[in-house]
2 protein chains.
Amino acid sequence: MANVSSVFTALSDPTRRTVLERVAERPRSVGEIAGTLPVSRPAVSQHLQVLKAAGLVVDEVQGTRRIYRIDPAGLGTVRAWLDRFWDEALEAFKADIEAQRGTDS
Amino acid sequence: MANVSSVFTALSDPTRRTVLERVAERPRSVGEIAGTLPVSRPAVSQHLQVLKAAGLVVDEVQGTRRIYRIDPAGLGTVRAWLDRFWDEALEAFKADIEAQRGTDS
DNA sequence: ACTATCTGTAAGTGTCTGCTTACGGTTAAG
DNA sequence: CTTAACCGTAAGCAGACACTTACAGATAGT
């Protein structure tokens, strides 16, 4: 599953966002991603697990290596939350202006 | 300033998102928000500081109390990052399909 | 079978985080 | 000036987090 908290937490770390961008460019293996980053390979593996739990990537075993690709689900939940929140804020703004118009001098 | 990491970190905590939603409904004081939540007032104050540092709320002193309202800047940075990332991913998908079409049997 | 490659996982560590209670500071009211 | 209301901040603590090294498992090639 991919709740909102897990997605935001996954996207909050800069290294993890870089890992996600590498995967977004094209499907990559763990070692290939770790080669371009200043952290160890297990660190990348753990980051990928967090991204996978958040529904941001999916993995597929290919022989001895494991290929990760983008999963649109996670980004979808972020966009959905953002849209809903944006609508709520706009509605509140409208109600606020309405109230101000009523009590204005 | 409101960089991407700070915004995502601010939105990753459920309590903090609830605080933000309370503020989004209408401008509120710290004590008013704390009254509707199962955490202490200083906790809410600290949450509001994080939200303010992320550019998600702005504060204004009104006598003895401090009113917080929504700041669209933070949500804007999230939306911008999301849009840019979405475009990148789409472009990568297109390039991937193009490559597959070239090497397909 | 043996070896090399690629990866996940366990264990440990320093740092950050979310929360609490205690305290001090500022403003409005008597 | 004293009092009450409202708030931020300091100090402390349990848990989470990002990272490392060491180890174990699975697959491809010889």
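This note walks through a predicted model of two protein chains and two DNA strands, point by point.

1. **How the two chains are related.** A good place to start is the symmetry. Two copies of a chain are related by a rotation about an axis and a shift along it. Here, a turn of 180 degrees with a shift of 0.0 Å along the axis lays chain A on chain B, with an RMSD of 0.0 Å. That is the relation of a two-fold axis. If you want to find the axis from the side of chain A, look for F8(A): its C-alpha comes closest of the residues of that chain, at 2.7 Å.

2. **How the chains meet.** Of the interface residues of chain A, 100% are interface residues in chain B as well, so the copies meet through the same surface. One residue worth following across to the other chain is R17(A), which has contacts with V4(B), S5(B), F8(B) and W81(B), among others.

3. **The nonpolar core.** In soluble globular proteins, nonpolar side chains tend to be buried together. The largest nonpolar core in this model has 50 residues. Within that core, L48(A), L56(A), L48(B) and L56(B) have the most contacts. Take L48(B) as an example: apart from residues up to four places away in sequence, L48(B) touches V19(B), V23(B), V30(B), I33(B), V57(B) and Y68(B). Do keep Y68(B) in mind, as this residue also has a polar side-chain atom 2.8 Å from a phosphate oxygen of DNA strand D.

4. **Who surrounds DNA strand D.** There are 23 residues around this strand, and those that come nearest are S40(A), H47(A), S45(B), Q49(B) and Y68(B). Both chains take part: helix 2 (14-25) and helix 4 (41-53) of chain A each supply at least two residues of the nearby surface, as do helix 3 (30-35), helix 4 (41-53) and strand 3 (65-70) of chain B. Helix 4 of chain B provides the largest share, five residues. Sorted by class, this surface has seven nonpolar, eleven polar and five charged residues.

5. **What is touched on strand D.** Which parts of the strand lie within 4 Å of the protein? Sugar or phosphate accounts for 62% of those atoms, and bases for the rest. On the chain A side, polar side-chain atoms of two residues can be picked out by their distance to a phosphate oxygen of strand D: T15(A) at 3.2 Å and R16(A) at 2.9 Å.

6. **Turning to DNA strand C.** Around this strand there are 23 residues, with S45(A), Q49(A), Y68(A), S40(B) and H47(B) coming nearest. Helix 3 (30-35), helix 4 and strand 3 (65-70) of chain A, and helix 2 (14-25) and helix 4 of chain B, each supply at least two residues of the surface near strand C. Which element gives the most to that surface? Helix 4 of chain A does, with five residues. By class, the count is seven nonpolar, eleven polar and five charged residues.

7. **What is touched on strand C.** Of the atoms of strand C within 4 Å of the protein, 63% belong to sugar or phosphate, and the rest to bases. A side-chain N or O atom of Y68(A) is 2.6 Å from a phosphate oxygen of this strand, while T15(B) places a polar side-chain atom 3.2 Å from a phosphate oxygen. S40(B) is worth a look too: here a backbone N or O atom lies 2.8 Å from a phosphate oxygen.

8. **Two buried arginines.** R28(A) sits in strand 1 (residues 28-29) of chain A. Its relative accessibility is 8%, so R28(A) counts as buried. The side chain of R28(A) makes a polar contact of 2.6 Å with that of E25(A). R17(A), in helix 2 of chain A, is also buried, with a relative accessible area of 11%. The side chain of R17(A) reaches the backbone oxygen of L11(A) at 2.8 Å.

9. **An exposed arginine.** Is R65(B), a residue of strand 3 of chain B, buried or exposed? At 53% relative accessibility, R65(B) counts as exposed. Leaving aside neighbours within four places in sequence, R65(B) is in contact with S29(B) and E60(B).

Terms used: Residues numbered from 1 in each chain as written. Chains lettered and ligands numbered in written order. Predicted model: local features only at pLDDT ≥ 70, side-chain atom pairs only at ≥ 80, totals over all residues. Heavy atoms only, no water. Least-squares fit on C-alpha atoms with pLDDT ≥ 70 in both. Contact = heavy atoms within 4.5 Å. Core = buried A, V, L, I, M, F, W, Y, C linked by side-chain atoms within 4.5 Å. Buried < 20%, exposed > 50% of the residue type's maximum accessible area, 1.4 Å probe, protein only. Near = heavy atom within 4 Å. Polar contact = N/O pair within 3.5 Å; in protein donor to acceptor, adjacent residues only side chain to side chain. Helix = DSSP H or I, 4+ residues; strand = E, 2+ residues; numbered from the N terminus. Nonpolar A, V, L, I, M, F, W, Y, C, P; charged D, E, K, R; others polar.
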